[in-house]
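Here are my notes on this one, written as numbered points so you can follow along in the viewer. Shout if anything reads oddly.

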Amino acid sequence: DKHQRAHRKLITEIGEALNQDEFILHYQPRVDLATGRTVGVEALVRWEHSERGELLPGKFLHIMAGTDEELILGKWVLRTALDQHTAWRAEGINLPMSINISPYQIQQPDFASELKTLLTKYPVGTAEQIELEILETSAIGDLNQVVEVMNACTELGVHFSLDDFGTGYSSLSYLHKLPIHTLKIDRTFLQESNFTSNDHTIVNTIVAMAKGLHLNVVAEGVETQNQLDYLRELDCNQAQGFLFGKPFSS
Ligand code: C2E
Ligand code: MG
Ligand code: MG
């Protein structure tokens with residue numbers, strides 16, 4: 001009961017924070033490994049808490065899972081990332097934008113139609129510059145419905161990537177069923193402290209599989225030159241990580 005009350009209290013607090021504009025987005029560059037050029041940015045939400053300071057998503061997103069507040073925050077993230085994308089474009093900076101979408105968000109049957117309406121407010125060509133990052137767990141539940149929503153979004157011009165790849169429990173057959181364009185290899189497989197030969201094998205295999213399936217492949221959490229050299233040898237397309245740049249505010 002105590003736990004439930006604390007949980008409810010935090011959700012109420014999140015609702016208030018939404019009204020008071022306490023959320024902001026940071027952006028982390030994604031780099032092409034062949035050219036070294038920045039080929040996009042990922043929007044990452046932060047909560048500027050009035051008492052606790054800046055909170056990372058790990059402190060609040062899981063608490064919001066499945067609530068109305070999560071959907072409201074998700075819409076705010078989409079609008080804000082699209083606004084930023086448009087503002088940069090007006091300055092001559094044309095950077096594809098990756099936006100994280102929670103499982104509950106993509107499971108909403110009206111997600112695609114709402115996205116379609118939202119996109120009408122932005123310049124022509126915006127959709128093609130947007131990549132929605134979803135987790136494997138998004139497809140757990142009604143797979144057909146999620147695929148339908150994703151197909152409708154794809155028709156609008158946006159692409160999808162599968163985030164944190166390798167950490168879920170879902171079957172590899174999702175790779176065929178979900179209309180995705182990019183695989184993002186979870187950073188746990190690259191962590192220097194346990195970058196053992198087993199992890200090498202896993203990263204090798206994921207890159208080879210992605211290539212075989214004609215998917216773009218991004219390594220997450222690249223922190224050292226050592227990791228970068230290794231990824232280059234594997235012919236991994238792209239990477240994100242503190243080595244190239246931490247998430248920054250606009
Ligand atoms: P993610 O989408 O896999 O994002 C990458 C996370 O790894 C980010 O953490 C980023 O700051 C961190 N990271 C990037 N490079 C490095 C590195 O070299 N080393 C280390 N140690 N970490 C690195 P962050 O911002 O705390 O976000 C955590 C997760 O929260 C994200 O993982 C994503 O699943 C979720 N998230 C963030 N923003 C949103 C959002 O707007 N909506 C939804 N639904 N989820 C979000
Ligand atoms: Mg992501
Ligand atoms: Mg990830």
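1. Let's start with the metal site at ligand 2. Along the chain, the donors of the magnesium ion (ligand 2) follow the spacing E-x57-N-x32-E-x29-D. In residue terms, that ion is coordinated by E42 (OE), N100 (OD1), E133 (OE) and D163 (OD), at 1.9 to 2.2 Å. Two of these donors link distant parts of the chain: N100 sits in strand β4 (residues 97-100) and D163 in strand β6, 63 residues apart. Bear in mind throughout that this is a predicted model.

2. How exposed are those two donors? N100 comes out as partly exposed, with a relative accessible area of 28%. D163, on the other hand, counts as buried, at 6% relative accessibility. The cut-off for buried is under 20%, so D163 at 6% falls below it.

3. Now the other magnesium. For the magnesium ion (ligand 3), the protein donors are D163 (OD), D164 (OD), E220 (OE) and E220 (OE), lying 2.0 to 2.4 Å from the ion. E220 therefore appears twice in that donor list, each time as OE. The donor residues are spaced D-D-x55-E in sequence. D164 lies in strand β6 (residues 159-165) and E220 in the loop between β8 (216-219) and α9 (225-234), so this pair ties together parts that are 56 residues apart in sequence.

4. Which residue coordinates both ions? D163 does, and the magnesium ion (ligand 3) and the magnesium ion (ligand 2) are 4.3 Å apart. If you are setting up the metal site, note that D163 is buried.5. Of the remaining ligand 3 donors, is D164 buried or exposed? The answer falls in between: D164 is partly exposed, with a relative accessible area of 25%. E220 is buried, at 11%. D164 has a backbone quirk too, with a phi near 50°, a positive value in a residue other than glycine. That residue lies in strand β6.

6. D164 isn't alone in having that sort of backbone angle. D21 has a positive phi of about 60° although it is not a glycine. D21 is found in the loop between α1 (2-19) and β1 (23-32), and is exposed, with a relative accessible area of 58%.

7. On to the pockets. The largest pocket has a volume of about 1,300 Å³. Its lining consists of 35 residues, and L44, P57, L61, N100 and D164 lie nearest the centre. Two names there should look familiar: N100 is a donor to the magnesium ion (ligand 2), and D164 is a donor to the magnesium ion (ligand 3).

8. Which elements build that lining? At least two residues each come from β2 (38-49), α2 (61-64), α3, α4 (103-106), β5 (130-135) and β6. β2 gives the most, with five residues. By type, the lining of the largest pocket divides into 14 nonpolar, 10 polar and 11 charged residues.

9. The second largest pocket holds about 290 Å³ of space. It is lined by 13 residues, of which K75, L78, F111, E114 and L115 lie nearest its centre. Both α3 and α5 (111-119) supply at least two residues of this lining, and α5 gives the most, with five. The split by type is five nonpolar, three polar and five charged.

10. Last, a word on R79. This residue is found in helix α3 (residues 68-90), a helix that supplies residues to the linings of the largest pocket and the second largest pocket. R79 is partly exposed, with a relative accessible area of 40%. Leaving out residues up to four places away in sequence, R79 touches L118 and Y122. As for G212, R79 is 133 residues from it in sequence and 35 Å from it in space, C-alpha to C-alpha.

Note on methods. Residues are numbered from 1 along each chain as its sequence is written. Chains are lettered from A and ligands numbered from 1 in the order in which they are written. This is a predicted model: local features need pLDDT of at least 70, side-chain atom pairs count only at pLDDT 80 or more; totals for chains, interfaces and linings use all residues. Side-chain values use heavy atoms; hydrogens and water are left out. Helices (H or I, at least four residues) and strands (E, at least two) are DSSP runs, numbered from the N terminus. Buried means under 20% relative accessible area, exposed over 50%, partly exposed in between (1.4 Å probe, protein chains only). Contact means heavy atoms within 4.5 Å. Donors are N, O and S atoms within 2.8 Å of the metal (3.2 Å for Na, K and Ca); water is not among the atoms, so sites may look incomplete. On a 1 Å grid over the protein atoms alone, a cavity is a set of points where a 1.4 Å probe fits but cannot get out, and a pocket is an open set with protein on both sides within 12 Å along at least five of seven lines; lining residues have an atom within 4 Å of a point. Grid points are joined across faces, edges and corners, and a volume is the space filled by probe spheres set on the points. Ala, Val, Leu, Ile, Met, Phe, Trp, Tyr, Cys and Pro count as nonpolar, Asp, Glu, Lys and Arg as charged, and the others, Gly among them, as polar.
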